Amino acid sequence: MDRQYDIIVIGAGNGGLSAAASACCRGFRTLLIEQHNLPGGFATSFRRGRFEFEPALHELCDVGEPGAREEVGALIDSYGAKVDWVKLPEAYRLIITGEGEEPIDAVMPFGKQAYIDRMEEYVPGSRESMEKFFYLADCIMAANAAVAAAGGKADPKVMMREHPDFLKCANYPTAVVLRRLKMPLKAQKILSAYWCYMGVNMEDLEFGFYASLVHKYIVNAAYIPRFRSHELSVAMDKTIREHGGTILYNTLATRILMEEGAPVGVETTHGTFYARHIIPDISPNAVFGDMMDGGRDLPEAHIRAVNARKIGGRGYCVYVGLNRTAEELGVREYSYFISELSDTVKEQELAGTFREHPMQATICLSNAIPDCSPPGTCIMSFTTFFMKDIWSGVTEREYTAKKREVAEKLIRDFEKATGTSILPYIEEIEIASPATLARYAMVPQGAMYAYSCGEGDGLMARLQMLDEDQRVKNIRFASGYGPRLYGYSSTYMGGDMAVKLTMKDMKEENYEKV
Amino acid sequence: MKKFNFHVKPIGLLDMLHFKKMVPRRRAILQSGSLDPITAVYGVNRLAQSLHPKQQKAVVSAIIPRRDANTYVLRADKLAYFRAGQYVSVKLKIGGAVTARPYTLAASPARALEGEYEITVKKAQDGFVSDYILKNWKVGTEVTLSGPEGPFSYEPLRDEKEVVGLAGGSGITPFMAMAYAILDGIEDFRLTLLYGSRTKADILYADELERICAATDKVKVIHVLSEEKAEGFEHGFIDAELIQKYAPENYTLFICGPRAMHDFLARELPGLDLDEKHIRREFVPAPASPTYFGSYAGDASKVFTLKLRFLGEERQIPLRADEPILTAIERAGIAAPSRCRSGECGWCRSRLIGGDVFVPDSMDGRRLADAGAGYIHPCSSWALSDLELEIFPE
């Protein structure tokens, strides 16, 4: 087979699919290799009995309606991928349950005005601070657009003149800004619900990032593909092939071949393939650790920089197919956030333990896609994450019971918080722990959230250090470990960005296409 | 809303300073890392590897002869732990063909941790693979296995405390693993096993079952003989009446046996008033011919041509209409991925580029988006025309 390519993309997760499509559409000879037997990475699906489960996606922001696409929807359209997007019914329902906590049970809608109005109903007197919040979010969106238009390198003078409010708030922790806005505490708690999508508490997560995240979800609403994430991944596979790309499944990259400090090819379980530009959609740990001898030929500063990164939330999810409808069960919403505590700092700390009441982000897929399972049934999934590598201490023999113990806690907590009964109706159940993510996606420690974007490693700092963060010439990361962070929309944008950066690398060395 | 005066710090310029500190701060953090070799393999990655190895090698260490069957004890320094009821796919090279078959792990999961598995291979009608194994595997034969696979296991969050197992012939094997797991304290449920054999002499694991029942009151076995009447044994087939006779009040049914047994039970089970939740079925391999399925409208006597693409290569091979597509690929000596060979697991997922196939509803384990985009599972698909197919060898 063809062994010579312009670009080799390692890993067909969201970032890799996006990078491969972006590269093909620009006319580069592109090889996409994936160790599993299908595309998507986390963006996949699996079947048990009468049910097909969504493993990962809760809601994809930045899609938009046909004809009025937002950034990610437009990018996917531009690749030529056809996806049947389903708009989600509401933003989320947040339930805070712990003793000594002010109880919260808030169902929040999409739409800026509707969201502010609903917040005012739950928290009288919150309106002004909420309006200010969305004003700042708008400022941040505008500034982000300006920075992007300037190719990531905005002139500080222009920024000070045109986007002063961005500069005044974006780099502070979210909680600091919300307090400064004099937002009532309860409103702060309700607004903070999305923190668990990043796994970084509100005293740490930068406001510029969080405000734009909320803006994207609330103002533009969120979507999922009708036939689970696998539909999106299969559509991307199709368009990559149609644009001349080559995809190899069941093919594991084992080594990066180097010459004079730059890659020249990739050894795989199906032979060696050659390219001078590599886009990994996997972790730097895997690239430098597994494929470059632990990074021993890298400069010391680069080894330190990789080892200093903090692995983010390790994923855990229990999937159930129930033999009752959502209506019969009294499960009314699509998206739930349920936790014992409203203090995200404490939550993040406790997420590093096998605690009694893990926080959960829970989905009832049937409330977005009523016919996602046979009549008389419904599908739910309960997700939590672990902020420390505690699953590394679990033995083979303990493993199944440990998985089940967490599953039972999550489902019982959901039942208690919502006054429903779920356990008696389980017809199919599957549990994915960090070890499951490690198995299928080969991620270090079973990480769902790549490198945490907290503790100084946020989006804005990463974007300003794009070139410094390139540890090896002509290698640009498309994964959630890269500059654009984790999550579906981020990795889709990250894949495209990795190609743009690769084109910059090519220009610098007057690269000619093969 | 209109602009408002916003400051976190009293003087706006400090914000710019705060902004500028971002990069030096991160730079300092990044230089605080260690000089240890970079790694992506942590404890949980090793746990995943040991629970789910891509491939395992073992050696036949003992053979227990049974009627028309052998139990093979497989040994290695280390074998993956499993859930009672799971199988391994055994990889084989027979003449010019490469193939694989799923065999249930029949011993206690506890023995896997000591490096020991057991599988039982029964002589099958038209049994290309079983004949080969029974004739050729000796003590010392090296075998290649997949990791443990399959969802046919007890799950307390889903299943009742009481399980009624229906086993036919070599379908006893997952229940052996479950019974041993109960005995070893690995699983906690009560198992009432209705085990169908032709005659007393055909019963597999008769002594072992007796020993287990003597050692624990959580496992009970009722032998059902179809071709022999004997005292202390039920006679006939396992039907609704027999199940009701032995079943406790609330129970989950686990079924493992030949296709004929499943077909018979499909007519019996409606009489039991059990919902889908309470019926667990082990996968049933493809039948000898697609004409078995009422919905088949092809001509099973035809031989088509399969244009096969893999790893940039292209081969043309003959494709019999009466065999699953996977069989044609394997006969040509091309190693296609497979595990369950029943349409369910999806390991053989392949891209159909051209041509028509027959996929019976009862064996269609494809993902929704795959079915819409032309992907098939060749283990459970039959050709209706010449085909062009891309497979993804492991």
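1. Helix 18 of chain A, which covers residues 488–508, has a length that can be checked directly: at 1.5 Å a residue its 21 residues should span 30 Å, and because its end C-alpha atoms are 30 Å apart, the expected and computed spans agree. This applies to a predicted model, as does everything below. Just after helix 18 of chain A, A:Asn510 takes a positive phi of about 50°.

2. In chain A, the domain assignment gives a domain 1 made up of 7–45 + 227–309 + 455–508, together with domain 2 (111–220) and domain 3 (312–444). The centres of domain 1 of chain A and domain 2 of chain A, taken over C-alpha atoms, are separated by 31 Å.

3. Where these two domains of chain A meet, domain 1 supplies 7 residues to the contact and domain 2 supplies 8 residues. On the side of domain 1 of chain A that touches domain 2 of chain A, the residues comprise 4 nonpolar, 2 polar and 1 charged.

4. Chain B is likewise divided by its assignment, into domain 1 (51–145), domain 2 (162–281) and domain 3 (296–390). For domain 1 of chain B and domain 3 of chain B, the centres taken over C-alpha atoms lie 26 Å apart.

5. The contact between domain 1 of chain B and domain 3 of chain B involves 7 residues of the former and 8 residues of the latter. Strand 4 of chain B (residues 97–104) gives the most to the domain 1 side of this contact, with 5 residues. By class, that side of domain 1 of chain B holds 4 nonpolar and 3 polar residues, with no charged residue.

Conventions: Residues numbered from 1 in each chain as written. Chains lettered and ligands numbered in written order. Predicted model: local features only at pLDDT ≥ 70, side-chain atom pairs only at ≥ 80, totals over all residues. Domains from an automatic or database assignment. Helix = DSSP H or I, 4+ residues; strand = E, 2+ residues; numbered from the N terminus. Nonpolar A, V, L, I, M, F, W, Y, C, P; charged D, E, K, R; others polar. Expected span 1.5 Å × (residues − 1).
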